[in-house]
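Student: I should like a close look at one part of this model, with the surroundings described where they help. Please take the part I name below as the starting point.

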Amino acid sequence: MNSSEGKLKSSSSELDLDRPNIEDYLPSGSSIQEPHGKLRLRDLLDISPALTEAAGAIVDDSFTRCFKSNPAEPWNWNVYLFPLWCCGVVFRYLILFPMRALILTIGWIIFLSCFIPVHFLLKGNDNLRKKMERALVELICSFFVASWTGVVKYHGPRPSMRPKQVFVANHTSMIDFIILEQMTAFAVIMQKHPGWVGLLQSTILESVGCIWFNRSEAKDREIVTRKLREHSQGADNNPLLIFPEGTCVNNQYSVMFKKGAFELGCTVCPIAIKYNKIFVDAFWNSRKQSFTMHLLQLMTSWAVVCDVWYLEPQNLRPGETPIEFAERIRDIISVRAGLKKVPWDGYLKYSRPSPKHRERKQQSFAESVLRGLELEEK
Amino acid sequence: MGNTSSMLTQYDIEEVQQHCNNAFSQQEIVSLYERFCQLDRNGGGFVSGEEFLSVPEFAVNPLSQRLLRMLDGLNFKEFVAFLSAFSPRATVQQKIEFIFKVYDSDGNGKVIFNDMLDVLHDLTGQFISEQQREVDLILEMPLFTDCKQVLTKVLEEAGYNKESLLVMSDFVKILGSSGLKMEVEVPVD
């Protein structure tokens, strides 16, 4: 047996086991032709598999599909239905919308007139203050949900407040948080937003305990992981709600979960959220519209109908890595909410894929070329 | 055909269909147009290299840079013509022509040794390193661990050499015999 294996430089990517193997998800069949038998010129010149994959990606790719908002099917296409639709528009914009705006305003007035006094006057009495602030936040969220005529059906046992427990859910829009918050005051980890949303985040959400992160900061990840761990260990902190996808996805697909939530040594309770598209597409396409526009769109639709499932809490199994744990939970949530899984990291919306994916393909092709050469030496 | 129009007229569709030699059906062309508009985020009428690279599946492809040179700045008509080699209706000759164009980076109709070497480098990355020749200690035969040597050896076995200039007919001879599978399905709603 000769030692004629070609010298392959080990890929630096092997050291970074950050994500599950993408090859498990992508269509089977190597993208680069693997020569069989003796290596011929034809094997080297035939780049058709790599080209086919590139063209396939140009024509349609699973990543872009995750963020495609689905335009509502127009049903007003004939003489009989069109006036009906017009009436609907008039009703929605001129009657429903003002009513909802009114409800929301009343809600805010009640909330602020209770929250501000409680916040300042009960400064000494922390326990009571926290309880009341929690209840008030749940209240304002209920008002928000009412302002879109939210019809939310909760399934499964209500989460119990226990330490060492985190909740994870799929993410479609910032309203996910509001819908869950009206039932239980969660602490949440969010991207800091500009404008009035940011103001809300830094004032009111502080009272339920929130952790901020900044996607664009590279070092941020370690800081955030530390904060997550501290929070989850704390006995009387509100239970933490995490959206491990890291970005809003269109409620038909799920992107890969970041492992941060799964390596805290806590029980993970999955929550699945599915919106009913017939009424409104709740996907917040942050590239297309601001959150304000998104809210206005919701307030001028008929209703926001969704199902929320509280699923069985899971623990890290012996011998399971955090990534495998994350994927298992993603499976549970995707099956429940009818989402298709794609092997991409949501942050690819903002950055390029790491070179290690390409390196893996190159490595397998290089190996087969050298194998083909080896065969003729025998 | 307007750059920023989001609607294709029947006339536009027929013009594109003619330009790509009927490689795609009219429905496929409409789907491709939707896709083109989706990729062309800034609405400039062509898809820039950056916009193609924002598709992760494309960005991880080893030949992406080479293809970007061919794709950059194409308008929709040319975009469809580019993809026509991947249609199931395209002939093997057309597919081989496309492959030839990928190799022939300066477009002079001749593929030289360096063109083939560049593509081989793209496909193998750093995994076939430019190292000294290793010698198998048992058989005392020189081993090839270098792209240049691999390519030279394989070329010579096929009857060419390092100085050969390959033209289209050579490619047809080399690739034409075995079944060339190079097809992509355009999703139609």
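Student: How far apart do the end C-alpha atoms of residues 102–122 of chain A lie, and what percentage of the span is helix and what percentage strand?

Tutor: The model is a predicted one. In it, the end C-alpha atoms of residues 102–122 of chain A are 30 Å apart, and the span is 95% helix and 0% strand. The span comes from a UniProt record, an unreviewed entry, which lists residues 77–95, 102–122 and 134–154 of chain A under "transmembrane region". Residues 134–154 are made up otherwise: 67% helix and 24% strand, with end C-alpha atoms 20 Å apart.

The elements around these spans can be followed by residue number. Helix α4 of chain A covers residues 81–121 and contains A:Tyr93. Helix α5 covers residues 126–147, strand β1 covers residues 150–155, and A:Thr149 sits in the loop between them.

A:Tyr93 is a suitable place to begin on helix α4. Its relative accessibility is 42%, and A:Tyr93 therefore counts as partly exposed. It belongs to a nonpolar surface patch of about 930 Å², whose other members are A:Val90, A:Phe91, A:Leu94, A:Ile95, A:Met99, A:Ile278, A:Phe279 and A:Trp302.

Two of those patch residues recur in the contacts of loop residues. A:Trp302 is touched by A:Thr149, which also touches A:Arg100, A:Ala303 and A:Val304, residues up to four places away in sequence being left out. With A:Arg100 there is also a polar contact of 2.6 Å between the two side chains. A:Thr149 is classed as partly exposed because its relative accessible area is 32%. Along the chain A:Thr149 and A:Ala57 are 92 residues apart, and their C-alpha atoms are separated by 40 Å.

A:Phe279, the other of the two, is in contact with A:Ser301, as are A:Arg92, A:Leu96, A:Arg100 and A:Val280, with neighbours within four places in sequence set aside. A:Arg100 is thus touched by A:Thr149 and by A:Ser301. A:Ser301 occupies the loop between α9 (291–299) and β8 (304–310). Its relative accessible area is 7%, so A:Ser301 is buried. A polar atom of its side chain lies 2.7 Å from the backbone oxygen of A:Gln297.

Elsewhere in chain A, A:Val168 gives an example from a strand, β2, which spans residues 165–169. This valine has a relative accessible area of 0% and is therefore buried. Beyond residues up to four places away in sequence, A:Val168 touches A:Ile242, A:Pro244, A:Ala261, A:Phe262, A:Val268, A:Cys269, A:Pro270, A:Ile271, A:Ile329 and A:Ile333. One of these partners, A:Pro270, is 102 residues from A:Val168 along the chain, and the two C-alpha atoms are separated by 5.0 Å.

These details belong to a chain with eleven helices and nine strands. Of its 378 residues, 51% count as buried. Among contacts in chain A between residues at least 6 apart in sequence, 77% join residues at least 24 apart. Chain A exposes about 18200 Å², of which carbon and sulfur atoms supply 61%.

Chain B may be set beside it. Chain B has ten helices and two strands, and its elements run α-α-α-α-α-α-α-α-β-β-α-α from the N terminus. Buried residues account for 49% of its 189 residues. The corresponding share of contacts joining residues at least 24 apart, among those between residues at least 6 apart, is 58% in chain B. Its exposed area is about 9200 Å², with 49% supplied by carbon and sulfur atoms.

For chain B, UniProt (unreviewed entry) lists residues 27–62 and 91–126 as "domain: EF-hand". Residues 27–62 are 61% helix and 0% strand, with end C-alpha atoms 31 Å apart. For residues 91–126 the figures are 67% helix and 0% strand, and the end C-alpha atoms lie 35 Å apart.

Finally, two asparagines in chain B deserve a look at the backbone. Most residues other than glycine have a negative phi. B:Asn21, however, has a positive phi near 55 degrees, and B:Asn22 has a positive phi near 60 degrees. B:Asn21 lies in the loop between α1 (10–19) and α2 (26–39), and B:Asn22 is found in the loop between α1 and α2 as well. B:Asn21 counts as exposed because its relative accessibility is 58%, whereas B:Asn22, at 47%, is partly exposed.

Methods:
Residues numbered from 1 in each chain as written. Chains lettered and ligands numbered in written order. Predicted model: local features only at pLDDT ≥ 70, side-chain atom pairs only at ≥ 80, totals over all residues. Heavy atoms only, no water. Helix = DSSP H or I, 4+ residues; strand = E, 2+ residues; numbered from the N terminus. Buried < 20%, exposed > 50% of the residue type's maximum accessible area, 1.4 Å probe, protein only. Contact = heavy atoms within 4.5 Å. Areas by Shrake-Rupley, 256 points an atom, 1.4 Å probe, with all protein chains shown as cover. UniProt positions renumbered as here; feature names shortened; annotations may be inferred. Patch = residues over 30% accessible without salt bridge, like charges linked within 9 Å, V, L, I, M, F, W, Y side chains within 5 Å. Salt bridge = Lys/Arg side-chain N within 4 Å of Asp/Glu carboxyl O. Polar contact = N/O pair within 3.5 Å; in protein donor to acceptor, adjacent residues only side chain to side chain.
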